[in-house]
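Work through the exercises below with the sequence and the model in view. Each task is followed by its solution.

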Amino acid sequence: MKNKTQSVVLLGALLLLPFSAIAQSNERAAVDRAMQKMMRGFQAGDRNLVFEVLRKDGVVLGYAPARSSMVTQTTEEWAQGFTGKPADDEDQRKRSYEILDVTGNAAVVKLLLDYPGWDGMDYLVLSKIDGKWMIVSKSWSGQAKPKAR
């Protein structure tokens, strides 16, 4: 009887594995869609587009070497840098991201920023809120690049 019960439990677990993998794959794809929208917002300098995937009450933090201190602000304060138009050097800016983990209602994404004057790396934390993946925090680090002569 014990072997039969174990077999039934094992069979049930094996049958559920594909559904779990599909669900995780679907969530990863949803995080990817949110990140694609964020990237389009960066490219266009479009604050409204960014706020479709960025919580206004989220937090942005990083260490500013020039100030020798931590900088903390809300995502709404940080997004004031989006002017509604692409940056003048947008054609020279490179961005890429990697989804590091999606588990349950949380995800972590690594974002690389290679700009003419800045070399940066951000870690974005997303939460699934009311069925939608939203960026709730941004932790940044980076350094200014020497000016080209």
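**Exercise 1.** Find which residues form a nonpolar patch on the surface, and place Y63.

Solution. L61, Y63 and M70 make up the patch, and together they have about 280 Å² of accessible area. Patch residues have over 30% relative accessible area and no salt bridge, and nonpolar side chains are joined within 5 Å. Areas follow the Shrake-Rupley method with a 1.4 Å probe, and a salt bridge is a Lys or Arg side-chain nitrogen within 4 Å of an Asp or Glu carboxyl oxygen. Y63 lies in strand β1 (residues 54-64). Y63 counts as partly exposed because its relative accessibility is 42%; buried means under 20% and exposed over 50%, with partly exposed in between.

The model is predicted: local features need pLDDT of at least 70, side-chain atom pairs need pLDDT 80 or more, and totals for chains, interfaces and linings use all residues. Residues are numbered from 1 along each chain as its sequence is written, and side-chain values use heavy atoms, without hydrogens and water.

**Exercise 2.** State the order of the strands in the open sheet.

Solution. The order is β2-β1-β6-β5-β4-β3, six strands with mixed pairing. The edge strands, β2 (69-74) and β3, each pair on one side only. Strands are DSSP E runs of at least two residues, and two of them pair if DSSP finds at least two bridges between them.

**Exercise 3.** Trace the pairing of β4.

Solution. β3 (residues 94-103) pairs antiparallel with β4 (residues 106-115) over nine bridges. Here E98 has K110 as its bridge partner. Two residues separate the strands of this hairpin, where G104 takes a positive phi near 60°. β4 also runs antiparallel to β5 (residues 118-129), joined by 10 bridges; A107 has L126 as its partner in β5.

Conventions:
Helix = DSSP H or I, 4+ residues; strand = E, 2+ residues; numbered from the N terminus. Patch = residues over 30% accessible without salt bridge, like charges linked within 9 Å, V, L, I, M, F, W, Y side chains within 5 Å. Buried < 20%, exposed > 50% of the residue type's maximum accessible area, 1.4 Å probe, protein only.
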